[in-house]
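Got a few minutes to walk through a protein fold? Have a look at the chain below, and keep the 3D view open while you read.

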Amino acid sequence: MTEHSPHREQSLTDATEARGLEALIARAARAGKGAAAVEHWNPDFCGDLDMEIKADGTWFYLGTPIGRMPLVQLFSSVLRKDADGRTYLVTPVEKVGIRVADAPFIAVEMDVSGRGGEQIITFRTNVGDVVEAGPERPLRFVDEDETGGLKPYVLVRGRLEALVARPVMYELVGHGEEVEIDGRTMFAVRSKGAVFAIMPADQLKQLSA
């Protein structure tokens with residue numbers, strides 16, 4: 001006869017509410033002794049979790065929005081996007097898959113300091129990350145086919161990006177300038193010595209006409 005231990009450690013996939021997940025992940029964060037070192041953890045994959053980050057940055061668990069920001073911030077601290085393109089919650093002992101509609105974070109505020117080659121563009125995300133765009137935290141711009149517009153993203157950590165919110169995008173574009181890149185005049189922005197092309201300057205002129 002096989003014995004079943006009544007003291008089996010609860011797993012992330014066992015949690016039936018967000019508060020249950022909170023306790024499990026809080027213990028994992030403490031196990032990490034400081035900021036979660038998710039890039040260095042290599043636990044087994046334990047299945048998918050019914051958690052989704054919507055395109056507007058709202059987190060849902062079991063179909064219900066998670067309204068407590070400290071809880072969302074805790075979950076975001078153990079997020080990791082792997083080379084397979086999927087996003088996971090990762091602890092030292094478990095890795096569970098979650099769904100992300102677009103980017104896991106939203107850049108909701110920006111600040112610009114300095115000018116020219118000394119200019120630094122800093123973003124704040126909806127979960128409290130502060131990111132300086134630059135060589136290690138690049139900006140990228142994706143054509144939005146359905147609207148004909150652009151969707152800017154900034155790398156936050158690992159492979160995790162923040163979508164720049166539309167009002168912030170307009171502010172960002174306001175700091176753009178024409179720059180020669182590989183023999184072509186591009187409309188671009190600078191930050192920490194890096195130049196990030198937004199679009200060809202002649203294309204921008206056509207859109208503005």
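Here is a short tour, from the whole chain down to single residues.

## The big picture

Before anything else, keep in mind that this is a predicted model. The protein chain is built with four helices and 15 strands. Of its 209 residues, 42% count as buried.

How much of the contact network links residues 24 or more positions apart? Take the contacts with a separation of 6 or more: residues at least 24 positions apart account for 51% of them.

## The nonpolar core

Now look inside. The largest nonpolar core has 51 residues. Those with the most contacts inside this core are M51, I66, L89, F123 and L139.

Let's pick M51 and see who it meets. Setting aside neighbours within four places in sequence, M51 is in contact with L21, W59, F60, Y61, I66, F75, L89, I98 and R99. Two of the names there, I66 and L89, also appear among the core residues with the most contacts. Keep W59 and F75 in mind too, as they come back further down.

## A helix with two sides

Next, find helix α3, which runs over residues 166-173. Which of its residues are buried? They are V168, M169 and L172. These buried residues cover an arc of only 105° around the axis, so they end up on the same side of α3. On the face turned away from that buried side you'll find the exposed residues P167 and Y170.

What do the buried residues of α3 pack against? The answer is a set of strands: β7 (105-113), β8 (120-125), β10 (139-144), β11 (149-157), β12 (160-164) and β14 (184-191).

## Aromatic pairs and charges over rings

The structure holds two aromatic pairs. One of them joins F45 and Y88 in an edge-to-face arrangement, with 5.9 Å centre to centre and 80° between the planes. F45 sits in strand β1 (residues 45-53) and Y88 in strand β5 (residues 87-90), so this pair ties together parts that are 43 residues apart in sequence. The partners differ in how much they show: F45 is partly exposed, at 42% relative accessible area, while Y88 is buried, at 4%.

Then there's W59 with F75. Their ring centres are 6.3 Å apart and their planes are at 35°, so the pair counts as tilted. W59 belongs to strand β2 (residues 59-61) and F75 to helix α2 (residues 69-76), so the pair ties together parts 16 residues apart in sequence. W59 is buried at 1% relative accessibility, and F75 is buried at 0%.

Some rings also have a lysine over the face. K95 lies over the face of Y88, at 4.5 Å from the ring centre. K54 lies over the face of F60, at 5.2 Å from the ring centre.

## R80, an arginine tucked inside

Is R80 buried or exposed? This residue of strand β4 (residues 79-81) is buried, with a relative accessible area of 6%. Its side chain makes a polar contact with the side chain of D82 (2.7 Å). The side chain of R80 also reaches the backbone oxygen of W41, at 2.7 Å.

Not counting residues up to four places away in sequence, R80 touches V38, E39, W41, R86, T87, Y88, V90, K95 and L160. You've already met Y88 and K95, where the lysine lies over the ring.

## Two more stops: D48 and V195

D48 is in strand β1. The side chain of D48 makes a polar contact with the side chain of R86 (2.7 Å). Leaving aside neighbours within four places in sequence, D48 is in contact with T13, R86 and G97. D48 and L12 are 36 residues apart in sequence, yet 9.6 Å apart in space from C-alpha to C-alpha.

Last stop: V195, in strand β15 (residues 194-200). V195 is partly exposed, with a relative accessible area of 33%. Apart from residues up to four places away in sequence, V195 touches V179, I181, A188, V189 and R190. How far apart are V195 and P135? They are 60 residues apart in sequence and 8.8 Å apart in space, C-alpha to C-alpha.

Definitions and conventions. Residues numbered from 1 in each chain as written. Predicted model: local features only at pLDDT ≥ 70, side-chain atom pairs only at ≥ 80, totals over all residues. Heavy atoms only, no water. Buried < 20%, exposed > 50% of the residue type's maximum accessible area, 1.4 Å probe, protein only. Arc of directions from axis to C-beta. Contact = heavy atoms within 4.5 Å. Core = buried A, V, L, I, M, F, W, Y, C linked by side-chain atoms within 4.5 Å. Phe/Tyr/Trp six-rings, centres within 6.5 Å; stacked < 30°, edge-to-face > 60°. Lys NZ or Arg CZ within 6 Å of the ring centre and 35° of its normal. Polar contact = N/O pair within 3.5 Å; in protein donor to acceptor, adjacent residues only side chain to side chain.
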